[in-house]
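Reader: Please show the structure first. I will then ask about it piece by piece.

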Amino acid sequence: MAELKRSDSRCQKLSEGKRELISILKENVQKDYGEDVEYLDDAVCGRYLSGYKWSLEAAQSRLLKTLQWRASVKPETWTCHYCCDMPGRHSMRQIGFDKRGRSVLYTSFIQCALTSFSVEESVRHMVFLLENGIRAMEHRYQSVEAPSEATDTTAAATEAEDKSDGGSQSSSLSTDSNHQPEQWVVVLDCTGMTLSACNPRIASAVASIIGDHYPERLGMVVTLNAGYLMRYAWSAIRVVLPATLADKLQFLNSEADYQKAPVSKIFDEELQTWIQEEERLNRLSPLLDTQRQFWKKPPTTTAAAAGEPPVVAHDPRGTPTYVANYLDKYDVSLSPSAGGSTHHPHPNICQEMLGELEQE
């Protein structure tokens with residue numbers, strides 16, 4: 001459990017009073033639930049206390065419910081069988097990491113096989129992504145890539161950025177690059193969004209899951225191409241969301257927004273380039289097959305003009321670094337239902353690697 005010890009180290013920067021609350025919470029929960037709780041560590045206790053405004057009673061009640069929930073439904077073993085039954089049903093997938101090593105999830109409505117979704121399937125797909133996003137962050141932090149990518153260049157500005165990019169300051173937990181990242185960043189491309197997809201019940205259910213069982217885990221939501229429909233829907237959706245979650249939303253609609261918004265500070269050049277190219281391709285009409293079937297590995301190169309070198313194709317599965325370290329090295333013999341510490345990509349990417357999807 002080395003990763004838990006490293007994650008716990010960030011709590012050392014808290015005040016003595018808050019560290020004492022963490023110790024008390026951990027001790028109380030262990031007494032009520034049992035000593036052998038693999039999920040329980042100082043970082044988890046710190047997030048629950050922070051998420052519930054350092055109320056010991058509220059944090060203890062919620063954490064015990066989370067432990068019971070995890071023991072009952074075993075979210076670490078979930079996959080999205082809805083996507084397995086209908087490839088592309090949900091397009092949200094992890095596509096890389098930001099400068100701090102936080103998992104970045106991306107979705108575009110135009111790539112979804114359906115235009116409306118049920119609450120149950122939306123929650124299931126989201127939990128699958130959140131659990132695997134955590135595994136990806138843990139793996140990346142411990143891997144050889146961490147020292148070169150999670151550099152100190154972002155550490156100095158972390159505190160100031162947290163106040164402007166949706167990173168929570170209520171916890172006072174260290175989020176600099178010397179510690180294991182614990183949050184996700186979601187990029188929501190509204191291209192192709194329909195009215196039937198704007199279901200406040202889904203937003204409320206997902207927010208409840210995150211707030212109840214993953215407090216302080218959501219870092220920021222970046223919304224692209226938010227037209228009138230999204231802004232109208234947002235006025236209704238915002239009402240059902242806790243203010244701490246609603247305030248994490250950032251709207252980006254132009255190149256200038258990329259430069260002015262906090263994403264320019266936390267998204268490296270590779271990630272920004274991938275997002276902008278994915279966004280551009282998803283606006284083409286008709287949608288290219290390579291974008292519609294985002295789970296497929298694209299041709300290595302695309303045709304170029306006479307005398308010009310081949311152009312490396314855009315990979316809708318994720319950034320080059322993510323693809324190289326988490327898709328090309330993915331062990332297809334490992335099933336998500338087995339749990340464990342392996343990061344599993346989008347279910348259709350797994351199926352494609354196993355040759356389980358019919359070729360079109």
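Reader: Is K74 buried, partly exposed or exposed?
Author: The model is predicted. K74 has a relative accessible area of 42%. Buried would need under 20% and exposed over 50%, so K74 is partly exposed.

Reader: Where is K74 placed, and what is its phi?
Author: K74 follows helix α4, in the loop between α4 (56-73) and α5 (81-85). Most residues other than glycine have a negative phi. K74 is a residue other than glycine with a positive value, and its phi is near 50 degrees.

Reader: Which residue in the loop between β4 and α10 has a positive phi?
Author: The loop runs between β4 (218-224) and α10 (228-240). The residue there is not glycine, and its phi is near 50 degrees. This residue is N225.

Reader: Which peptide bond is cis, and where does its proline lie?
Author: P286 is in the loop between α14 (269-282) and α15 (289-292). Most peptide bonds are trans. Omega is near 0 degrees for the cis bond, which runs from S285 to P286.

Reader: What is the span of α4 from its first C-alpha to its last?
Author: Helix α4 has 18 residues. At 1.5 Å a residue, the expected span is 26 Å. The helix comes close to that value, reaching 26 Å.

Reader: Which elements do the buried residues of α4 pack against?
Author: The buried residues of α4 include L63, L64, L67 and W69. Polar or charged names also appear in that buried list, among them Q60, R62, T66 and R70. The packing partners are α2 (16-33), α3 (42-51), α6 and α9 (200-213).

Reader: Are the buried residues of α2 on the same side or on opposite sides?
Author: In α2, the buried residues are I22, L25, V29 and Q30. They cover an arc of only 125 degrees around the axis of α2. E16 and K31 are exposed on the other side. The arc therefore puts the buried residues on the same side.

Reader: Which helices do those buried residues of α2 pack against, and which residue follows α2?
Author: The buried residues of α2 pack against α3 and α4. After the helix comes a residue with a positive phi, near 125 degrees, and that residue is G34.

Reader: Which residues does S122 touch, beyond those up to four places away in sequence?
Author: S122 is in helix α6 (residues 119-142). Its relative accessible area is 12%, so S122 is buried. Leaving out residues up to four places away, S122 touches F117 and I202.

Reader: How many aromatic pairs are there, and what is the geometry of the F97 and Y326 pair?
Author: The count of aromatic pairs is seven. In the pair of F97 and Y326, the ring centres are 5.4 Å apart and the planes are at 55 degrees. An angle over 60 would be edge-to-face and one under 30 stacked, so this pair is tilted.

Reader: How many residues apart in sequence are the parts tied together by F97 and Y326?
Author: F97 is buried, and so is Y326. F97 lies in strand β1 (residues 93-97), whereas Y326 lies in helix α16 (residues 320-327). The pair therefore ties together parts whose separation in sequence is 229 residues.

Reader: What is the geometry of the Y106 and W274 pair?
Author: Y106 lies in strand β2 (residues 103-108) and W274 in helix α14, so the pair ties together parts 168 residues apart in sequence. Y106 is buried, with a relative accessible area of 0%, and W274 is buried at 3%. The ring centres are 5.2 Å apart with planes at 90 degrees, so the pair is edge-to-face.

Reader: Which residue lies over the face of W78?
Author: W78 belongs to an aromatic cluster with W69, W184 and Y214. The residue over its face is 4.5 Å from the ring centre, and this residue is R124.

Reader: Which residue has its charged end over the ring of F97?
Author: F97 is a buried residue. The charged end over its ring sits 5.2 Å from the centre and belongs to R140.

Notes. Residues are numbered from 1 along each chain as its sequence is written. This is a predicted model: local features need pLDDT of at least 70, side-chain atom pairs count only at pLDDT 80 or more; totals for chains, interfaces and linings use all residues. Side-chain values use heavy atoms; hydrogens and water are left out. Helices (H or I, at least four residues) and strands (E, at least two) are DSSP runs, numbered from the N terminus. Buried means under 20% relative accessible area, exposed over 50%, partly exposed in between (1.4 Å probe, protein chains only). Contact means heavy atoms within 4.5 Å. Rings of Phe, Tyr and Trp (its six-membered ring) pair if their centres lie within 6.5 Å; planes under 30 degrees apart count as stacked, over 60 as edge-to-face and the rest as tilted. A charge sits over a ring if NZ of Lys or CZ of Arg is within 6 Å of the ring centre and within 35 degrees of the ring normal. The expected span of a helix is 1.5 Å times one less than its number of residues. The arc is that of the directions from the helix axis to the C-beta atoms.
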